[in-house]
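I opened the notebook to look up a few local features one by one. The entries follow in the order I took them.

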Amino acid sequence: MSQSNEISQKLSRPIPSVTIQQVGNIKVVIATGKKKTAIARAVIRPGIGRVRINGIPIEIWPIEMARLKMMEPLILAGKDIISKVDIDVNVKGGGYMGQASAVRMAIARGLIAYTENNQLLELYMKYDPSMIKGDPRRREPKKPGLKRARSKRQKAYR
């Protein structure tokens with residue numbers, strides 16, 4: 001945990017839900033991203049640029065809109081950073097776009113913690129702050145006697 005505090009001091013703002021570990025003399029970053037009920041955990045380690053989501057390479061992810069959303073932090077970071085790391089992401093819960101947002105957040109947080117780069121942090125914050133900060137919105141709970149949270153009986157005046 002002390003390494004997370006060191007990183008926070010090097011960066012202009014703290015990065016939430018990131019753990020840095022030393023395995024031998026290899027730096028490994030574990031970052032978490034959440035969107036609604038989807039939870040993604042990204043493990044970033046030195047490598048050759050492989051990115052896998054639940055064991056599937058990101059390039060052949062079946063849903064194109066979700067794939068583009070997950071690739072945003074990689075495209076913004078650039079080839080020079082991505083070609084030096086391998087990223088393995090496990091994601092579960094939620095729908096496919098919620099999972100894509102969670103993966104996007106986990107990758108962005110992990111890359112910032114791994115590179116300790118203030119310029120990359122500012123680039124992500126300028127592009128979309130929810131990449132780092134997250135989105136606090138959640139589903140409204142269902143009310144008793146109703147089908148959904150705000151559904152009511154229809155009212156007719158004639």
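Is R50 buried, partly exposed or exposed? I looked up its relative accessible area and found 44%, so R50 is partly exposed. The model is a predicted one, and I read every value below as computed from it.

**Entry 1: the R50 pair**

I then checked the partner of R50. R50 forms a salt bridge with D86, and the closest N and O atoms are 3.4 Å apart. The two residues belong to distant parts of the chain, with their positions 36 residues apart. I placed R50 in the loop between β3 and β4 (51–53), and D86 in strand β6 (residues 85–92). D86 has a relative accessible area of 10%, under the 20% cut-off, so D86 counts as buried. The bridge thus has a partly exposed arginine and a buried aspartate.

**Entry 2: other salt bridges**

I noted a total of 9 salt bridges in the structure. One of them joins R104 and E72, with the closest N and O atoms 2.8 Å apart. This pair also links distant parts of the chain: R104 sits in helix α4 (residues 96–115) and E72 in helix α2, 32 residues apart. I looked up R104 for exposure; its relative accessible area is 7%, so R104 is buried.

I also found a salt bridge between the side chains of E140 and K143, at 2.9 Å from N to O. E140 has 32% relative accessibility and therefore counts as partly exposed. K143, at 29%, counts as partly exposed too. Separately, I recorded a network in which salt bridges with shared partners join K35, D135 and R137.

**Entry 3: α2 against α5**

How do α2 and α5 pack, and at what angle? Helix α2 (residues 64–77) and helix α5 (residues 118–127) pack at about 135 degrees, and their axes are 10 Å apart. The two helices are therefore oblique to each other. I noted the crossing of α2 past α5 as right-handed.

Next I listed the residues that meet. From α2 these are E72, P73, L76 and A77; from α5 they are L120, L123, Y124 and Y127. By class, this contact has 7 nonpolar residues, no polar ones and 1 charged residue. E72 appears in this contact and is also the salt-bridge partner of R104.

**Entry 4: positive phi**

Which residues other than glycine did I note with a positive phi? S17 has phi near 60 degrees, and K36 has phi near 55 degrees. S17 is in the loop between α1 (2–10) and β1 (18–23). K36 lies in the loop between β2 (26–35) and β3 (38–46). I checked both for exposure. S17 has a relative accessible area of 42%, so S17 is partly exposed. K36 is at 58%, over the 50% cut-off, so K36 is exposed.

**Entry 5: R13**

I ended with R13, placed in the loop between α1 and β1, which is also where I had found S17. At 33% relative accessibility, R13 counts as partly exposed. What does R13 touch, leaving out residues up to four places away in sequence? I found L121 and M125. I also looked up the separation of R13 and Y157: their C-alpha atoms are 57 Å apart, and the residues are 144 apart along the chain.

Methods. Residues are numbered from 1 along each chain as its sequence is written. This is a predicted model: local features need pLDDT of at least 70, side-chain atom pairs count only at pLDDT 80 or more; totals for chains, interfaces and linings use all residues. Side-chain values use heavy atoms; hydrogens and water are left out. Axes are lines fitted to C-alpha atoms, for helices over the stretch in contact, and angles run from 0 to 180 degrees between N-to-C directions. Helices (H or I, at least four residues) and strands (E, at least two) are DSSP runs, numbered from the N terminus. Angles under 35 degrees count as roughly parallel, over 145 as roughly antiparallel, 65 to 115 as roughly perpendicular and the rest as oblique. A crossing is left-handed if the near helix is turned anticlockwise from the far one by less than a right angle, and right-handed if clockwise. Contact means heavy atoms within 4.5 Å. Ala, Val, Leu, Ile, Met, Phe, Trp, Tyr, Cys and Pro count as nonpolar, Asp, Glu, Lys and Arg as charged, and the others, Gly among them, as polar. Buried means under 20% relative accessible area, exposed over 50%, partly exposed in between (1.4 Å probe, protein chains only). A salt bridge is a side-chain nitrogen of Lys or Arg within 4 Å of a carboxyl oxygen of Asp or Glu.
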